[in-house]
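The following exercises concern a single protein chain. Each sets a task and then works through the solution step by step.

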Amino acid sequence: MPGQNTLRIAVAQTNPTVGDFAGNLLIAKQAFRDAARLQAQLLVFPELSLCGYYPADLLNDTAFIRRAERALAELAEFSRQFPGITAIAGLPQTRSGPGKPLHNSLLALANGQVLAAYHKQLLPTYNIFDERRHFEPGPATAASIDVAGYRVGLMICEDGWNDAAADYPVNPYQALAAIGPDLVVSINASPSNIGKSAQRHRIIAGAAQRHRLPILYVNQVGGQDSIVFDGASFAVNPDGKIAYESPAFVAVVEPVEFGGGAFHGTGRCQPLPEQEFVVRHILLGLRDYARRCGFRQVVVGSSGGIDSALTIALAAEALGPDNVVAVTMPSEYSSAGSVTDSQLLCDALGVRLLMHPIRELVDAFKAQFQASFAAPLAGLPLENLQARIRGTVLMAHSNQFGALVLTTGNKSEISVGYCTLYGDTNGGLGLIGDLYKTEVYGLAEYLNQRAGRPVIPQAILVKEPSAELAFGQKDTDSLPPYPVLDEILKLLIEGDLLPEAEYRAVRDFVAEYRRSADGEAVFQRIGRLVARNEYKRRQAPPIIRVRPRAFGAGRQMPIAAKY
């Protein structure tokens with residue numbers, strides 16, 4: 001049993017689905033049972049846990065809000081079965097007066113009653129966030145509840161990120177410190193990306209130390225569209241030291257104790273090495289995307305190149321090799337390795353490989369084009385035709401057999417438009433679209449090391465990159481070498497959002513390169529390509545966000561503009 005002066009907390013790091021109130025309630029009810037088993041007095045869920053984060057314009061639907069209200073009432077009634085537990089959950093709440101009609105709210109429940117409500121004060125509108133579109137900020141006041149003799153201060157996500165008052169005129173820590181809580185509970189839906197966990201620790205631990213406030217940070221886990229939430233909930237003591245951290249990318253209900261002014265956790269998970277972090281991030285993103293969209297299988301075009309190879313390998317690990325179909329579609333320009341290397345890859349992974357040659361389709365299209373338009377189809381139009389025929393084949397397979405098409409473009413190619421609209425950009429989801437080409441190679445090599453065998457054949461790792469849409473074609477015919485291109489792109493696209501050390505290294509590398517012969521001309525050309533190809537990215541499928549700034553909601557640029 002917990003000691004008399006100990007508060008036992010159940011951290012419910014859950015994986016809700018946006019709009020699935022019935023499913024989210026089942027998760028919440030099971031968390032209550034787990035909390036009772038753990039003999040917890042306080043149960044804490046993530047931000048908007050009853051409706052899932054982020055509902056976007058579903059929040060404009062009055063039926064959606066009514067369902068949220070019914071879910072809250074049902075959970076409150078269910079809480080009567082656990083009279084010793086106070087629960088903290090998140091959902092949208094209606095409000096009156098001028099401004100938006102909703103708050104992003106935190107509610108404390110116990111014995112069938114709502115004990116307290118707190119409304120998020122700081123609403124992010126940067127990067128992937130657009131909360132001010134739907135919510136009105138809560139009043140600049142603190143809120144707390146009493147549990148087991150402790151005063152528990154309340155926060156929601158962004159409220160804890162502005163202690164320097166650099167981004168908002170309000171600093172919620174000041175109001176909290178004024179009421180003197182024994183500890184603070186923050187509920188969160190903080191998206192995952194490379195470097196994010198360390199950033200959270202730095203910001204929240206710094207605030208805890210400055211205000212002498214122990215803080216419990218409970219985060220959502222799971223994939224939602226292109227965004228992945230890693231969980232990695234943690235507790236930090238007033239000295240700024242992490243006392244507890246839950247595992248990343250796993251839904252758990254775990255105990256943490258508070259007493260004597262500090263948290264006493266069951267342990268701290270070691271941070272994942274970066275490449276393992278990226279693998280698990282993508283695996284969870286694909287699993288949840290497929291599950292929530294109703295797909296059991298995926299289909300991938302296999303070119304025998306590194307991008308399709310990594311995509312197939314990740315899909316096989318995420319869904320099982322029996323649920324992955326690879327299709328090789330050789331043309332007259334394809335190398336022998338296009339097929340043989342695809343076969344080696346699929347044999348190593350246990351994935352089924354199907355062959356659908358496209359040469360006759362290309363020839364028929366060329367003949368009809370000549371007959372209809374009195375012009376031969378050659379050069380770039382012919383190259384793009386091959387990619388579009390392959391995309392059509394994959395979409396036909398998807399329609400016939402119900403498999404989700406995974407697109408295989410990487411961030412380097414997507415950035416500069418080295419892809420064919422309605423061709424290799426076809427699909428429902430991109431697994432590696434936020435990884436630069438050099439990172440693709442690095443992750444492929446890591447998978448081999450991790451497996452202790454060449455799941456991605458060496459022949460694929462060492463071959464020179466080529467779209468194989470013309471004889472002798474190489475990527476470097478059109479682009480600078482990827483080690484150069486990727487550094488330029490990191491600076492142009494992510495800039496100072498990169499981790500500080502990486503940003504300095506990228507900035508210095510690019511500055512030196514621009515001083516080299518033709519370096520400035522190449523840099524300017526890449527900048528123009530990035531700008532010119534926004535129209536392609538706008539029509540491409542969603543990609544799993546991995547880095548601090550990804551294409552999509554995280555980088556909103558105009559199409560018809562000069563910059």
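**Exercise 1: Tyr 54 and its ring partner**

Tyr 54 is placed in the loop between S2 and H2. The model under study is predicted.

Task: Determine what geometry the rings of Tyr 54 and Phe 135 adopt, and which parts of the chain they tie together.

Solution.
Step 1. The peptide bond that leads from Tyr 53 to Tyr 54 is cis, with omega near 5°. Most peptide bonds, by contrast, are trans.
Step 2. A total of 13 aromatic pairs is counted. For Tyr 54 and Phe 135, the ring centres are 6.3 Å apart and the planes stand at 75°, so this pair is classed as edge-to-face; the cut-off for that class is over 60 degrees.
Step 3. Phe 135 belongs to the loop between strand S5 (113–119) and strand S6 (144–147), and Tyr 54 to the loop between strand S2 (42–44) and helix H2 (62–78), so the contact ties together parts that are 81 residues apart in sequence.
Step 4. Tyr 54 and Phe 135 are both buried. Ring pairs join these two residues with Tyr 53 and Phe 229 in a cluster.

**Exercise 2: A second aromatic pair**

Task: Classify the pair formed by Tyr 150 and Phe 258, and decide whether each residue is buried or exposed.

Solution.
Step 1. The centres of the two rings, Tyr 150 and Phe 258, are 5.4 Å apart with 80° between the planes, an edge-to-face arrangement.
Step 2. Tyr 150 is in strand S7 (residues 150–156) and Phe 258 in strand S14 (residues 252–259); the pair thus links distant parts of the chain, 108 residues apart.
Step 3. The relative accessibility of Tyr 150 is 12%, so this residue counts as buried. Phe 258, at 1% relative accessibility, also counts as buried.

**Exercise 3: Charges over a ring**

Task: Identify which residues lie over the face of Phe 551.

Solution.
Step 1. Lys 411 lies over the ring face, at 5.7 Å from the ring centre of Phe 551.
Step 2. Arg 537 also lies over the face of Phe 551, at 4.6 Å from the ring centre.

**Exercise 4: Strand S4 and its neighbours**

Task: Describe how S4 is covered and with which strands S4 pairs.

Solution.
Step 1. In strand S4 (residues 102–110), 9 of the 9 residues are buried.
Step 2. The cover extends to both faces: one side carries Leu 102, Asn 104, Leu 106, Ala 108 and Ala 110, the other His 103, Ser 105, Leu 107 and Leu 109, all of them buried.
Step 3. S4 pairs with strand S3 (residues 86–94) in the antiparallel sense over 8 bridges, and Gly 90 stands opposite Leu 106.
Step 4. S4 also pairs with S5 in the antiparallel sense, over 6 bridges; here Ala 108 stands opposite Ala 116.
Step 5. The hairpin of S4 and S5 has 2 residues between the strands, and Asn 111 in the turn shows a positive phi of about 50°.

**Exercise 5: Positive phi in exposed loops**

Task: State where Arg 212 and Ala 374 lie and whether they are buried or exposed.

Solution.
Step 1. Most residues other than glycine have a negative phi. Arg 212 has a positive value near 55°, and phi of Ala 374 is also positive, near 55°.
Step 2. The loop between helix H4 (196–211) and strand S9 (215–219) holds Arg 212, which counts as exposed at 53% relative accessibility.
Step 3. Ala 374 is in the loop between helix H8 (359–373) and helix H9 (380–401); at 67% relative accessibility, Ala 374 counts as exposed.

Note on methods: Residues numbered from 1 in each chain as written. Predicted model: local features only at pLDDT ≥ 70, side-chain atom pairs only at ≥ 80, totals over all residues. Heavy atoms only, no water. Phe/Tyr/Trp six-rings, centres within 6.5 Å; stacked < 30°, edge-to-face > 60°. Helix = DSSP H or I, 4+ residues; strand = E, 2+ residues; numbered from the N terminus. Buried < 20%, exposed > 50% of the residue type's maximum accessible area, 1.4 Å probe, protein only. Lys NZ or Arg CZ within 6 Å of the ring centre and 35° of its normal. Pairing = 2+ DSSP bridges.
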